[in-house]
Amino acid sequence: MVTRRLFLSGLGLGAAGFAAPAAAAGGTRLPIVDVDLRGSIDASAHGIRPGADDRKSKAFEKLLKDAAAKNMPVFLPPGDYAISNITLPDNTRLTGVPGATRIVYGGGGHLFAADGVSRIELANLVIDGANRWLGDTVEGLVHLSNVANVVIENCEIQGSSKTAVSLERSGGRIERNRLSGAADYALYAVESHDLSVTGNQVFDCGNGGILVHRWQKGRDGTIVSGNRIARISATRGGTGEYGNGINIFRADDVMVTNNHVSACAFSAIRSNAGSNIQIAGNTCLDSGETAIYSEFGFEGAIVNGNLIDGAANGILIVNFNEGGRLATVTGNVVRNLKLDGPYIHDGAGFGFGIAVEADTVVSGNTVENAPKWGLMLGWGPYMRGLVVSGNLVRKSPVGCAVTVVEEAGSALISGNIFDDTPDGAIVGYRWNERTTDDLAAQSSSYAHLTIEQNRTG
């Protein structure tokens, strides 16, 4: 009987399931790694060996083409491979040993690029841009356009002088990677379809973490879940265009769930003109501006079960004047906010917990230590159809600020608890100007407001 060990031995493969890697530069044979890669092509057998001075980009690209034509993966043994300007062929499957196989960008244009192919897979690689210049034709260290199925998993992608991974009109999954040290973004995905971004670690990037954008507003459907994102800067400045952990722009039907996002210059999660957005179960710590944002032309937002600790503002569901409407804000904990933000605000400013404007239910939330207003309802005439019930607001100068400007729509404020709100539980404002006493303690003379059964302490 032919045993598996004898069978692999006859193929020149180690018992762990793939060809034994070539000897290292010092002559010591590298250990067999327990990874099952039967059927793969060992790059070292084709003259592609580690070594900073051994640049074999053309031979490497040819090997990828030959393997793709045979529907076979290419395995890179441990070591450093200095390569540049690789156009990935359709059906590329490239893998290595996690943390040990390092592809180092040699400069001169781009590292990995592909356009108009059906499948690209990169796995178990360290991809290091070495902060070298990238040409104008690419946006990222890995730049993929019009790829039906992208799989990038268990890779470390670092040191890009632009973006780590740039995807255009592509689908697939970006899973269990470490994306760090990009001058711009960790992941920029535009015009995606059926894309999943899950279980990644993203940190120390110059202008953004995970970006899901569209050139024109429309269905996207990307899922961003279970990622850990930290230390995102905004080196380009601005008032929220940059510096966000997760940024959704014009992309509809996106889910942002169960992420841990900390120390972002602006928002932990920011959705601009994203309809049918779900933002649920996220932990958002130490945001420089608003922790969770749904703004401008959107219809449909669910913001549920998030924890926010440390931000200039907590949750904003705003811009009814630009078509922003229709949301639920339920079961969130918002605490420890501050009055200062990353720029001078010419509107409501900073220091409030939850702000909403149109066709929105705000229920079952807890807001504590908001230094301006716990809740903010409407802005000038921009308020319609608000239901605000069953919330707890503690340790805020004003528990709930509500607009009393002419033409403002209706709001029901019922069954909330306001504790330690020394300047009033519910107060009417004309923009930033206070114009009423505490409306929770008296009958409201404003026909657009129904205020009932609230408790103060």
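How much space lies in the largest pocket? In this predicted model, the answer comes to about 670 Å³. A good way into the pocket is through its lining, which takes in 33 residues. Y293, E295, F296, V318 and N319 are the ones that lie nearest the centre. Strands do a good share of the work here: β17 (208-219), β20 (244-252), β23 (269-272), β26 (290-295), β29 (313-317) and β32 (352-356) each put at least two residues into the lining. As for chemistry, the lining is a mix of 15 nonpolar, eleven polar and seven charged residues.

One of those strands, β23, holds R270. Is R270 buried or exposed? With a relative accessible area of 5%, R270 falls under the 20% cut-off and therefore counts as buried. Setting aside neighbours within four places in sequence, R270 is in contact with T239, G240, N244, I246, N247, I248, E289, Y293 and E295. Two of these partners, Y293 and E295, turn up again among the residues nearest the centre of the largest pocket. R270 also makes a handy marker for how the chain folds back: I315 sits 45 residues away in sequence, yet the C-alpha atoms of the two are 9.9 Å apart in space.

Stepping back, the protein has 457 residues, and 56% of them count as buried. Its secondary structure is made up of two helices and 44 strands. The C-alpha trace spans about 90 × 50 × 35 Å along its principal axes. Contacts reach well along the chain: of those between residues at least 6 apart in sequence, 61% join residues at least 24 apart.

Some of the strand pairing can be followed step by step. Strand β28 (residues 307-311) runs parallel to strand β31 (residues 333-337), and four bridges join the two. In this pairing, A311 stands opposite L337 of β31. On to the next partner: β31 is also joined to strand β34 (residues 366-368), again in parallel, by three bridges. Here R335 has E368 in β34 as its bridge partner.

Then there is the packing of the interior. In soluble globular proteins, nonpolar side chains tend to be buried together. In this model, the largest nonpolar core gathers 100 residues, with L94, F112 and I157 making the most contacts inside it. F112 gives a sense of what that involves: beyond residues up to four places away in sequence, it touches F60, I83, I86, L88, L94, I103, L122, I127, L141, V142 and H143. L94, another of the residues with the most contacts in the core, is thus on the list of residues that F112 touches. A second core stands separate from this one and has twelve residues, including Y293, L316, A348 and F352. Y293 is a familiar name by now, being in contact with R270 and lying among the residues nearest the centre of the largest pocket.

Enclosed space is the last item. The model has two cavities of 30 Å³ or more, and the largest of them holds about 60 Å³. Which residues line the largest cavity? They are W373, M376, L377, G378, W379, G380, A401, V402, T403, Y429, R430 and W431. Strands β35 (373-377), β38 (398-403) and β41 (426-430) each supply at least two of the lining residues. By class, that makes eight nonpolar, three polar and one charged.

Conventions
Residues are numbered from 1 along each chain as its sequence is written. This is a predicted model: local features need pLDDT of at least 70, side-chain atom pairs count only at pLDDT 80 or more; totals for chains, interfaces and linings use all residues. Side-chain values use heavy atoms; hydrogens and water are left out. Two strands pair if DSSP finds at least two bridges between them. On a 1 Å grid over the protein atoms alone, a cavity is a set of points where a 1.4 Å probe fits but cannot get out, and a pocket is an open set with protein on both sides within 12 Å along at least five of seven lines; lining residues have an atom within 4 Å of a point. Grid points are joined across faces, edges and corners, and a volume is the space filled by probe spheres set on the points. Ala, Val, Leu, Ile, Met, Phe, Trp, Tyr, Cys and Pro count as nonpolar, Asp, Glu, Lys and Arg as charged, and the others, Gly among them, as polar. A nonpolar core is a set of buried Ala, Val, Leu, Ile, Met, Phe, Trp, Tyr and Cys residues joined through side-chain atoms within 4.5 Å. Buried means under 20% relative accessible area, exposed over 50%, partly exposed in between (1.4 Å probe, protein chains only). Contact means heavy atoms within 4.5 Å.
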